[in-house]
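Subject: Structure for your review

Dear colleague,

Please find the structure below, together with its sequence. My findings follow it.

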Amino acid sequence: MRVVILFGTEMGTAERAAEAVADVLAASHDVAVYDMSDFDADDLDTRDFHILVCSTYGTGELPTGAEPFFAQLDDRLPDLSGLRFAVFGLGDIVYDTTFNRGGEICAEKFTALGAEQVGAHARHDASSSERPQDMAREWARALEIPAPTSV
Ligand SMILES: Cc1cc2nc3c(=O)[nH]c(=O)nc-3n(C[C@H](O)[C@H](O)[C@H](O)COP(=O)(O)O)c2cc1C
């Protein structure tokens with residue numbers, strides 16, 4: 001099954017985490033990594049497994065790089081039934097009530113369009129001593145990519 005990793009970042013941390021996930025999964029899958037700011041919502045293919053790697057900015061908002069992609073989804077409201085996805089979110093616990101909202105917003109928007117979230121929802125904390133790439137690698141190793149659905 002093709003794995004499409006979409007990252008949303010402001011300062012590049014989510015991109016590094018996305019590359020770490022790709023490194024792990026490339027051993028067993030056909031993997032493609034895209035910046036959400038370069039990805040058109042029309043290119044979502046429900047046959048692919050999607051991994052959304054997204055940080056949080058403002059007061060619990062999506063990073064600037066992710067906004068155009070989600071604005072397209074809000075405008076076009078594609079039917080994502082059958083699309084399965086997993087989320088690796090990034091944030092910082094010092095933001096307390098908005099901790100990791102970016103990844104959660106990604107999950108909420110995809111789910112509202114009919115997609116199904118699978119696996120553990122990861123929430124990296126920039127205040128922790130764990131490097132995002134290391135956590136991302138460990139998370140990817142435990143992720144069970146579903147078998148393709150028959151069409
Ligand atoms: C101005 C600013 C606002 C932020 N707001 C939040 C927030 O509301 N919630 C949160 O969990 N993290 C927040 N963060 C932390 C970032 O999401 C975190 O540092 C993340 O690792 C950055 O990833 P990136 O480099 O891919 O953008 C904020 C960081 C900055 C600099």
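The lining of the largest pocket, sorted by residue class, contains seven nonpolar, 10 polar and two charged residues. Please keep in mind throughout that this is a predicted model.

The pocket

In total, 19 residues line the largest pocket. Those nearest its centre are Ser-55, Thr-56, Tyr-57, Gly-91 and Asp-92. The volume of this pocket is about 310 Å³.

The ligand and its surroundings

What occupies the largest pocket? The ligand sits there. Two elements each give two or more residues to the shell around the ligand, namely the helix α1 (13-25) and the strand β4 (84-91).

The ligand is surrounded by 20 residues. The closest of these are Thr-9, Thr-13, Thr-56, Thr-98 and Asn-100. When the shell is sorted by class, it comprises seven nonpolar, 11 polar and two charged residues.

Polar contacts

Three residues that place polar atoms beside oxygen atoms of the ligand deserve your attention as you view the model. Thr-56, named above among the residues nearest the centre of the pocket, has a backbone N or O atom 2.7 Å from a ligand oxygen. In Gly-60, a polar backbone atom is 2.9 Å from an oxygen atom of the ligand. Thr-98 contributes through its side chain instead: an N or O atom there is 2.7 Å from a ligand oxygen.

How much of the ligand does the protein bury? Taken alone, the ligand exposes 650 Å², and the protein buries 82% of that area.

I would suggest that you begin your viewing with Thr-56, which is one of the residues closest to the ligand.

Yours sincerely

Terms used. Residues are numbered from 1 along each chain as its sequence is written. This is a predicted model: local features need pLDDT of at least 70, side-chain atom pairs count only at pLDDT 80 or more; totals for chains, interfaces and linings use all residues. Side-chain values use heavy atoms; hydrogens and water are left out. A residue is near a molecule or strand if one of its heavy atoms lies within 4 Å of it. A polar contact is a pair of N or O atoms within 3.5 Å; within protein, one must be able to donate a hydrogen and the other to accept it, and residues adjacent in sequence count only if both atoms are side-chain atoms. Accessible areas come from the Shrake-Rupley method with a 1.4 Å probe; for residues, only the protein chains shown count as cover. On a 1 Å grid over the protein atoms alone, a cavity is a set of points where a 1.4 Å probe fits but cannot get out, and a pocket is an open set with protein on both sides within 12 Å along at least five of seven lines; lining residues have an atom within 4 Å of a point. A molecule sits in a cavity or pocket if more than half of its atoms lie within 2 Å of its grid points. Helices (H or I, at least four residues) and strands (E, at least two) are DSSP runs, numbered from the N terminus. Ala, Val, Leu, Ile, Met, Phe, Trp, Tyr, Cys and Pro count as nonpolar, Asp, Glu, Lys and Arg as charged, and the others, Gly among them, as polar. Grid points are joined across faces, edges and corners, and a volume is the space filled by probe spheres set on the points.
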